[in-house]
Amino acid sequence: MSKLLAVRVVAAPDKFRGTAGASDIARAIAAAAEAAGWACDEVPLADGGEGTLEVLGGANRSTLVTGPLGDPVRAGWQLNGRRAVIEMALASGLELVGGPDGNDPMAATTYGTGELIAAALDAGVRRIIVGVGGSATTDGGLGALRAVYPLQRLRGVELEVACDVRTTFVDAADVFASQKGASGAQMALLRRRLERLAQVYLDDYGVDVRALERSGAAGGLAGALATAGASLLDGFDLVADEVDLDSALEGADLIVTGEGFVDAQSFEGKVVGGVSERAAAAGVPVLVVAGEVYDEAGRRVDAVSLVERFGEERARRDPCACVEEVVRERLEKLA
């Protein structure tokens, strides 16, 4: 590839969970591009989970809300004209309780997320984006609905839920509750709770969340919001459209994406898979740089594992420098 023809790379990574944010990784890619003599467009991305608020411009408001286990939490959110962006993990997230070991999966509530939605409504917004990954909860979203009541407040408001999974409502207990600290017995209880709540939602709102794709996101929060008229959307697509990824791809010579680890699930609504699909449609080659590459995922894309290249200790301690080195070497070879 001639340097005269290939001069622009698009940096479109997700966060490297626990080590670096998407914007940090994008800056590392841009630094590599500059060192190799390439131009770079930075388009950090998210899939509706943690980091979505940052990617969509960051917080400029904060509200004191009820945390997942009842303690007060000050949660940031964004107000931009008549649009609000809310990240439920900042009000009802698993990290707020210290991870699964510190969680009470039976008691964890989404009430604080509902309080953020209520704050946005009080501010007069007409569109609300809610990113729903990283939750501590399996309350079926009942806490959030109670905080927003009466639901007529949402009339005329475009409510969009950015989902990072496609799991249905009742299955949320079996698929995710163990990751939130639930025992086998608690998972069974949570499933029965969701089954009963699904029937309540059908009776009260006429929405059958049991058959609704993505309704199990955030322990059923997505399904609850659907009963209030929300659209449940693929989080990657929503974010990519908001930041206009497709325009950045026009005329690009390479797109670099990545995340903490790449496996089969990376191609089921996550950033790496979504970027790869859009790049293929635009005819742009893709380089994936990940902390680790699992299963046969590396055979589906041109992928580099930082752990394999630099060792686990360095890859986790300084992922940005590792990404910059890998990308710079690749761009110099293409020059």
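This report walks through a five-stranded sheet and the helices around it in a predicted model.

## The sheet

Let's start with the strands. Five of them form an open sheet, in the order β2-β1-β9-β11-β13, and the pairing is parallel. Strands β2 (39-42) and β13 (303-305) sit at the edges with a single partner strand each, so one side of each has no neighbour in the sheet. Going from one strand to the next, the twist averages 20°.

Now for one pair from that sheet. Strand β1 (residues 8-11) and strand β9 (residues 254-257) run parallel and are joined by three bridges. If you want a spot to look at, V9 stands opposite L254 in β9.

## Helices across the sheet

Helix α11 lies across β9 and β11 (286-290), and runs at about 170° to β9. Helix α15 (residues 319-334) lies across β1, β9, β11 and β13, at about 155° to β11.

## Where α9 meets α11

Besides lying across β9 and β11, α11 packs against another helix. Helix α9 (residues 235-242) meets helix α11 (residues 271-282) at an angle of about 60°, and their axes are 9 Å apart. That angle makes α9 oblique to α11. The crossing of the two is right-handed.

Which residues make the contact? On α9 they are F236, D237, A240 and D241, and on α11 they are V271, G274, V275 and R278. Sorted by character, the residues of this contact come out as four nonpolar, one polar and three charged.

Conventions: Residues numbered from 1 in each chain as written. Predicted model: local features only at pLDDT ≥ 70, side-chain atom pairs only at ≥ 80, totals over all residues. Heavy atoms only, no water. Axes fitted to C-alpha atoms, helices over the stretch in contact; angles between N-to-C directions. Helix = DSSP H or I, 4+ residues; strand = E, 2+ residues; numbered from the N terminus. Parallel < 35°, antiparallel > 145°, perpendicular 65-115°, else oblique. Left-handed = near helix turned anticlockwise from the far one by under 90°. Contact = heavy atoms within 4.5 Å. Nonpolar A, V, L, I, M, F, W, Y, C, P; charged D, E, K, R; others polar. Pairing = 2+ DSSP bridges.
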